[in-house]
Amino acid sequence: MNSKIKKTLFISSIILTAALISLLCILPARHTKTSAKNQTKNSGQLILGFSQIGSESAWRTRNTQSIFEAAEKNGIQIIFDDAQQKQENQLKAIRSFIVYQVDVIAFVPIVEDGWDNVLTEAQEAGIPVIVVDRQINADPSLYAGFLGENGLEEGKRAARFLVNKCKPYKNTVNILEMSGTENSSVVRERAKGFREIIATDSKFKIIHSENGDFLRSRGKEIGENLIEQSRNINKDGTFRADGLYYNGQKIDAVYSHNDSMTLGLLDSISNYGVDTSDTIIISIDAEQKSIDALKQGKLNCVVECNPNLGPMLMHLVKLIAAGKTIPRITYNNETVFTEEDDFSEYTPRGY
């Protein structure tokens, strides 16, 4: 064997040895990563991918806390995403949950439409989905079920209070409606339920409905605009301080789709020194601040929307993971707080 061949064989053996050493270094790392993932799966701990719409209110913050608390209590791991009020962020989050191969996906939809494609992807990956808090327009076969509030009944409860409160009234009752995020199921339902009840008496008239996007800042802005517009009524350019007005018509009742907008409206009323003692104000959510306002006589009725969905969600997650079918719709328990209540019986809301 000549020296050239020996040299070639020597170089080849060095390359082969280096390759074997590299392979031995790589294999343990890959094995460790796979084993860690399998260990999580084999440990029996369920993994829930949860997409929340944001943290725009105390209600929403409590809703998220409730889910985390219940997950910890039930030994369920959560992969969490805050969509920051953008549907595109939620779509990305759900797809990331699919890639990670979570056991169950739950999400609070910002709007009703636009979910079919991503839900189909989840179904094809064998991952069940639970819709939380707000409902969607999608093929029901694409998701396991809905858990949340009965928006239609919440609207009806608000209207029933107003109808009973106004029984002695003979004249028209002018209503201002502050609605929430456009194209969300809860807005549609709360508006529909409210209208179904007031339609039974022609004296009730919604003279203005405006989107406040469930935000305190928007509620404040709506209030300020109404107060500033009332300057047109007075010839001297001062605003009317004896109540809220819209296009020269005095507002007899305010129906607000959530507490944040209501509290923003109260901010404007306070800042301008407007007297709304004879204005009926009804809100939905029952945050502690709105209950405090009810006690102070600033509100007349607060319809509860219970944010504590965590325990029931974890119950549904475990049922699905066990291969069982969950109800198509699961509503949370809710009540109504009014000016006629015995406030001494109230307990702290916690949010």
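User: Before we start, what does contact mean here, and which residues of helix 4 does helix 3 meet?

Analyst: Contact means heavy atoms within 4.5 Å, and keep in mind that this is a predicted model. On the helix 3 side you've got Leu 91, Ile 94, Arg 95 and Ile 98. Their partners in helix 4 are Asn 117, Val 118, Glu 121 and Ala 122.

User: How do helix 3 and helix 4 pack, roughly parallel or roughly antiparallel?

Analyst: Helix 3 covers residues 87-100 and helix 4 covers residues 116-124, with their axes 10 Å apart. The angle between them is about 10°. Angles under 35 degrees count as roughly parallel, so helix 3 and helix 4 are roughly parallel.

User: How many residues of that contact are nonpolar?

Analyst: The contact of helix 3 with helix 4 includes 2 charged residues and 1 polar one. The nonpolar count is 5.

User: Now the largest cavity: which helices each supply at least two residues of its lining?

Analyst: There's 1 cavity of 30 Å³ or more in the structure, and the largest cavity holds about 110 Å³ of space. Its lining has 14 residues, with Trp 59, Arg 60, Arg 190, Phe 214 and Asp 285 nearest the centre. By class, that lining splits into 7 charged, 4 nonpolar and 3 polar. The helices you're after are helix 2 (58-73) and helix 6 (185-198).

User: And which helix gives the largest share of the lining of the largest pocket?

Analyst: This pocket has about 220 Å³ of space, and among its 16 lining residues, Thr 276, Ser 277, Gly 297, Lys 298 and Leu 299 lie nearest the centre. Helix 8 (259-272) and helix 9 (288-295) each supply at least two lining residues. The largest share is 3 residues, and it comes from helix 8.

How values were computed:
Residues numbered from 1 in each chain as written. Predicted model: local features only at pLDDT ≥ 70, side-chain atom pairs only at ≥ 80, totals over all residues. Heavy atoms only, no water. 1 Å grid on protein atoms, 1.4 Å probe; cavity = no way out; pocket = protein on both sides within 12 Å on 5 of 7 lines; lining within 4 Å. Points joined across faces, edges and corners; volume = space filled by probe spheres on them. Helix = DSSP H or I, 4+ residues; strand = E, 2+ residues; numbered from the N terminus. Nonpolar A, V, L, I, M, F, W, Y, C, P; charged D, E, K, R; others polar. Axes fitted to C-alpha atoms, helices over the stretch in contact; angles between N-to-C directions. Parallel < 35°, antiparallel > 145°, perpendicular 65-115°, else oblique.
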